[in-house]
Amino acid sequence: MNRRMFGRSLAVALVAGTTLLGAACAGEEPETPSGPVTITVNGMPPATDAVNRANFEADVKAFEAKYPNIKIDAKEGFMDPQQFATKLAGGQLEDVFYVYLTDPAALIAKRQVQDISAQLAEFPAVKDIKPDLMKVFTDSAGKVYGVPVANYSLGLVYNRTLFAKAGLDPASPPKTWEEVREAAKKITALGNGVVGYGDYSKNNTGGWHFTAEIYSIGGDVAVKDGDTWKAAFNNDKGKQVLQQLKDMRWTDDTMGQRQLLEWADLLQMMASGKLGMYVGSADNFPVIVNQYKAKYEDFGLGGIPGGQGTLGGGDGYMFKAGLSPEKIKAGLTWLSFKGGALDPSRIAADNEKAAAKGQPVGLPQPNIWTGDSLAKWEEATKKFANIPSENFGPFLATATTIPLKLEPPLAQQIYAVLDTAMQKVLTDKNADVNALLADAEKQVNQILTAVK
């Protein structure tokens with residue numbers, strides 16, 4: 001789901017310098033452009049964010065000192081859906097611009113972005129980026145139009161303290177939905193208002209989680225059929241998701257009486273020690289700890305139950321159509337310098353800086369790496385970890401085995417429809433799962449007619 005809706009925008013992390021983009025490995029920096037080049041980029045914090053604005057401006061100054069033939073014309077902001085289309089149509093889009101991982105396919109199809117394959121070849125660390133992430137920026141002919149800078153994927157957030165009290169192994173969270181159901185019973189049996197498992201059903205979060213859960217058992221929400229899209233959840237997979245939730249809510253009574261929950265609700269319940277498990281991601285933990293005053297030691301993250309697919313997303317940068325090779329190279333050089341997330345030699349320094357500022361080091365994501373670069377990421381994370389990173393080991397163990405799947409087209413509209421199905425099974429013990437899926441299918445197919 002578009003996580004900025006829930007106050008979890010990765011843009012904040014990017015501004016803070018935790019996960020921007022780098023490129024060449026140590027000792028393999030690209031050649032500086034032979035003549036002066038000016039590029040426009042976005043991502044500059046607003047003046048009201050004085051600290052990060054000053055850090056960004058200092059980075060620009062240092063970059064231009066190191067690369068005197070490249071000038072940076074920085075613009076405020078990241079991806080603003082309200083302005084993006086207008087800027088694109090009016091030729092006002094920056095040379096190097098920020099995108100969510102749901103954006104590249106349409107931009108590539110409409111030829112609104114530039115092939116950077118030739119220049120990217122000069123940045124060898126790219127070979128270590130996770131293939132699922134690079135695929136997002138690649139067309140059917142293998143041409144590349146951008147690069148990822150950060151990612152997230154959903155797993156199982158759980159309370160290790162409640163696990164131990166319920167006789168469950170905190171180092172071994174459930175791997176299947178059947179195990180989730182059984183663990184929820186044991187956790188709920190602790191009493192005192194403890195809820196075994198929680199789920200969303202309001203403000204598009206229910207549809208978002210329905211999507212994540214059907215992905216986890218090998219299903220889909222929408223599939224492309226020739227040149228058109230169609231709903232793909234009115235089947236045994238969709239029924240399995242809704243039926244298990246209905247059974248847990250009404251037969252097992254392990255989901256609590258309070259329903260119609262949205263994003264912040266489950267984080268608050270987890271922080272208060274009243275919730276055993278829910279589907280979530282690594283970036284939930286800083287909010288749980290900092291905003292709701294809990295402790296990292298009490299929580300863990302496992303792979304998503306079912307393990308056949310995980311809903312994920314993230315962000316990256318693309319290059320607008322028509323850029324010269326010199327500007328593309330300059331843009332990649334800038335992205336290499338600003339944050340260094342593609343330069344594994346800089347990971348340790350970035351982690352050291354983050355730890356010194358009290359930012360959490362040791363979370364399993366964002367992490368875009370494989371191969372030798374992954375080894376460097378792991379080494380640097382272990383060295384500077386200031387939270388119990390071993391609590392997230394079960395999630396990391398599945399990170400390379402569970403396929404990443406992106407949101408369906410027109411995701412927010414689809415999620416709004418699927419919210420209704422989630423709401424009904426969690427608030428009405430007589431809800432008809434088959435009828436809910438059939439009705440949602442009709443509505444989603446109508447929405448998908450707008451996808452071009």
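Which helix gives the most to the lining of the largest cavity? In this predicted model, that element is helix H10, spanning residues 236-252, which supplies five residues to the lining.

The cavity itself may be placed in context. A search of the whole structure returns two cavities of 30 Å³ or more, and the largest of them has a volume of about 100 Å³. Its lining is formed by Trp177, Tyr197, Glu213, Ile217, Gln240, Val241, Gln244, Leu245 and Met248. Sorted by class, six of these residues are nonpolar, two are polar and one is charged. Glu213 is among the lining residues, as are Gln240 and Gln244.

A second region of interest is strand S5, which comprises residues 155-159. Five of the five residues in S5 are buried, each having under 20% relative accessible area; the strand is therefore largely enclosed by the rest of the structure.

The pairing of S5 involves two further strands. With strand S9 (residues 275-280), S5 runs antiparallel, and four bridges join the two. Within this pairing, Gly155 has Gly280 as its bridge partner in S9. Strand S10 (residues 299-302) also pairs with S5 in the antiparallel sense, again over four bridges. Here Asn159 of S5 stands opposite Phe299 of S10. In a regular strand, side chains alternate between the two faces of the sheet.

Technical notes
Residues numbered from 1 in each chain as written. Predicted model: local features only at pLDDT ≥ 70, side-chain atom pairs only at ≥ 80, totals over all residues. Heavy atoms only, no water. 1 Å grid on protein atoms, 1.4 Å probe; cavity = no way out; pocket = protein on both sides within 12 Å on 5 of 7 lines; lining within 4 Å. Points joined across faces, edges and corners; volume = space filled by probe spheres on them. Nonpolar A, V, L, I, M, F, W, Y, C, P; charged D, E, K, R; others polar. Buried < 20%, exposed > 50% of the residue type's maximum accessible area, 1.4 Å probe, protein only. Pairing = 2+ DSSP bridges.
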